[in-house]
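This report covers enclosed and open spaces in a protein model, together with selected strands and a helix residue. Please read it alongside the sequence and coordinates displayed here.

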Amino acid sequence: MTSVRVNELISVAGQPDAAGFVAFAGEGFAAVINARPDGEEPGQPGNVAEKAAATAAGLSYSFVPVKGSEITEADIRAFQAAMAAAKGPVVAHGRSGTRALTLYVLGEVLDGRMKPADVEPLGQSLGFDLAGARRWLEARAAQTVDVKAFFHPATWSVQYVVADPVTGRCAIIDPVLDFDETSGATGTSSADVILADIESRGLAVAWILDTHPHADHFSAAHYIKGKTGAPIAIGAHVTEVQILWKEIYNWPALATDGSQWDRLFADGDRFEIGELEARVMFSPGHTLASVTYLIGDAAFVHDTVFTPDSGTARTDFPGGSASVLWRSIQAILSLPEETRLFSGHDYQPGGRHPRWESTVAAQRRANSHISGKDEAGFVALRQARDRTLPKPKLMLHALQVNIRGGKLPEPEGNGRRYLKIPLDAL
């Protein structure tokens with residue numbers, strides 16, 4: 001397999017076979033980055049076989065699969081991280097090498113080491129058409145909403161800072177409070193990283209938003225409100241979730257009027273983040289209270305749909321419904337096809353890097369649970385899959401915190417806080 005040298009750090013190539021990995025090692029490469037999704041064409045070796053061949057040849061290996069038309073900043077940063085981890089020169093491949101080179105040059109432009117105008121001439125000098133990279137940069141320049149994601153590996157969660165570039169006002173969506181169920185220790189390091197980033201960019205927090213009461217991590221909304229003074233908000237149907245879980249926890253003192261939040265959003269409500277107008281869509285199915293936040297060309301869809309290779313959210317929690325989720329998803333997919341969708345989790349199928357951004361068009365075309373299915377087919381698939389899934393390990397821990405806006409239990413007489421775990425309740 002012939003590689004094309006870009007510089008001393010990276011070369012790109014087309015699809016290698018097993019012998020190609022041996023050749024790469026012989027050429028002095030230390031690492032291979034596979035930027036090609038599995039199953040693109042018959043006979044393609046695939047991630048598992050490539051990793052085995054790379055290991056046998058003494059090469060480190062990274063899997064950063066992308067489709068050229070659906071590259072996101074998360075993909076670019078994962079590609080950069082794979083390069084940085086390599087202990088020597090890297091050879092990156094797709095089917096022809098174009099998408100690997102695209103990932104590289106986009107990172108160079110984002111970090112200011114290359115000008116956008118230099119992208120296509122570089123490609124031409126190496127024999128590649130990088131018009132797709134130019135279009136990606138043009139589309140990015142046209143975006144009116146600045147979205148930065150923070151992945152939380154312990155819970156597979158994605159937290160977001162959504163900023164108005166004109167006023168510097170921002171919203172934090174679905175922040176995570178750290179919790180170790182083994183020791184019972186809580187922590188704020190993940191939330192503090194977000195706050196430090198906001199401070200470094202000179203942003204001011206206008207809203208702290210949860211999309212629903214989370215079952216797999218604690219919300220940091222209350223903590224961040226204490227640090228910033230910004231109001232916290234959630235969907236108005238959270239009161240139904242409070243009533244449901246008040247009974248499960250046998251918690252007579254729990255207020256079930258949503259008063260733990262500063263604002264409860266109804267379907268269709270609008271609010272502002274600086275000069276950005278945001279709109280709320282009621283999106284139940286995963287939970288009774290789930291909402292989607294529409295901000296500019298971006299929609300924060302929480303646990304309705306994940307990236308297309310990951311499918312959709314489970315519906316077997318108390319109050320969940322596959323049929324209701326289907327209808328919520330159809331409403332989201334009726335948005336303009338270029339709308340950017342930001343998911344609340346990513347479970348890294350196939351061992352790929354974390355991803356969280358897609359588009360309406362990509363979901364319609366390729367979501368593994370939705371594309372080509374009607375409601376009956378989706379419901380059958382979703383319910384069958386739900387029967388195979390264990391409950392989230394933090395579900396009983398987290399919900400008693402999250403139905404109070406992320407506020408931890410009050411300290412008892414000895415100064416310590418305690419969680420209450422109902423036995424045999426689910």
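## The second largest pocket

In this predicted model, the lining of the second largest pocket comprises 15 nonpolar, 10 polar and 9 charged residues. The volume of this pocket is about 680 Å³, and of the 34 residues that line it, those closest to its centre are Trp 156, Asp 216, Arg 314, Tyr 347 and Pro 392.

Two secondary-structure elements, β9 (176–180) and α12 (375–386), each contribute at least two residues to the lining of the second largest pocket. The most is given by β9, which supplies 4 residues to that lining.

## The sheet that contains β9

Strand β9 also belongs to an open sheet of 3 strands, in which the order is β10-β9-β12 and the pairing is antiparallel. Because β10 (185–187) and β12 (218–219) stand at the edges and have a single partner strand each, one side of each is left without a neighbour in the sheet.

The antiparallel contact between β9 and β12 is made through 2 bridges, and within this arrangement Leu 177 has Phe 218 of β12 as its bridge partner.

## The annotated domain

The UniProt record, an unreviewed entry, places the feature "domain: Metallo-beta-lactamase" at residues 156–345. In the model, the C-alpha atoms at the two ends of residues 156–345 lie 5 Å apart, and the span is 23% helix and 32% strand.

## Two cavities

Searching the whole structure yields 2 cavities of 30 Å³ or more. The largest cavity has a volume of about 100 Å³, and its lining divides into 8 nonpolar and 3 polar residues, with no charged residues. Among the residues that line the largest cavity are His 212, Val 241, Trp 245, His 286, Thr 287, Phe 317 and Leu 399.

For the second largest cavity, the volume is about 30 Å³, and the lining has 1 nonpolar, 8 polar and 2 charged residues. Its lining includes Asp 174, His 212, His 214, His 217, His 302, Asp 303 and His 345. His 212 therefore appears in the lining of the largest cavity and in that of the second largest cavity.

## His 397 in helix α13

Helix α13, which spans residues 395–402, contains His 397. With a relative accessible area of 18%, His 397 falls under the 20% cut-off and so counts as buried. The side chain of His 397 also reaches the backbone oxygen of Lys 393, at a distance of 3.5 Å.

## Strand β5 and its parallel partners

In strand β5 (residues 90–93), Val 90 and Ala 92 point one way while Val 91 and His 93 point the other way, and all of them are buried. Strand β5 pairs in the parallel sense with strand β2 (residues 10–13) over 4 bridges, and Ala 13 is found opposite His 93 of β5.

Strand β3 (residues 31–34) is likewise joined to β5 by 4 bridges, and these two strands run parallel. Here Ile 33 stands opposite Ala 92 of β5. The residues of β5 that face Ala 13 and Ile 33, namely His 93 and Ala 92, point opposite ways from the strand.

Note on methods: Residues numbered from 1 in each chain as written. Predicted model: local features only at pLDDT ≥ 70, side-chain atom pairs only at ≥ 80, totals over all residues. Heavy atoms only, no water. UniProt positions renumbered as here; feature names shortened; annotations may be inferred. 1 Å grid on protein atoms, 1.4 Å probe; cavity = no way out; pocket = protein on both sides within 12 Å on 5 of 7 lines; lining within 4 Å. Points joined across faces, edges and corners; volume = space filled by probe spheres on them. Nonpolar A, V, L, I, M, F, W, Y, C, P; charged D, E, K, R; others polar. Pairing = 2+ DSSP bridges. Buried < 20%, exposed > 50% of the residue type's maximum accessible area, 1.4 Å probe, protein only. Polar contact = N/O pair within 3.5 Å; in protein donor to acceptor, adjacent residues only side chain to side chain.
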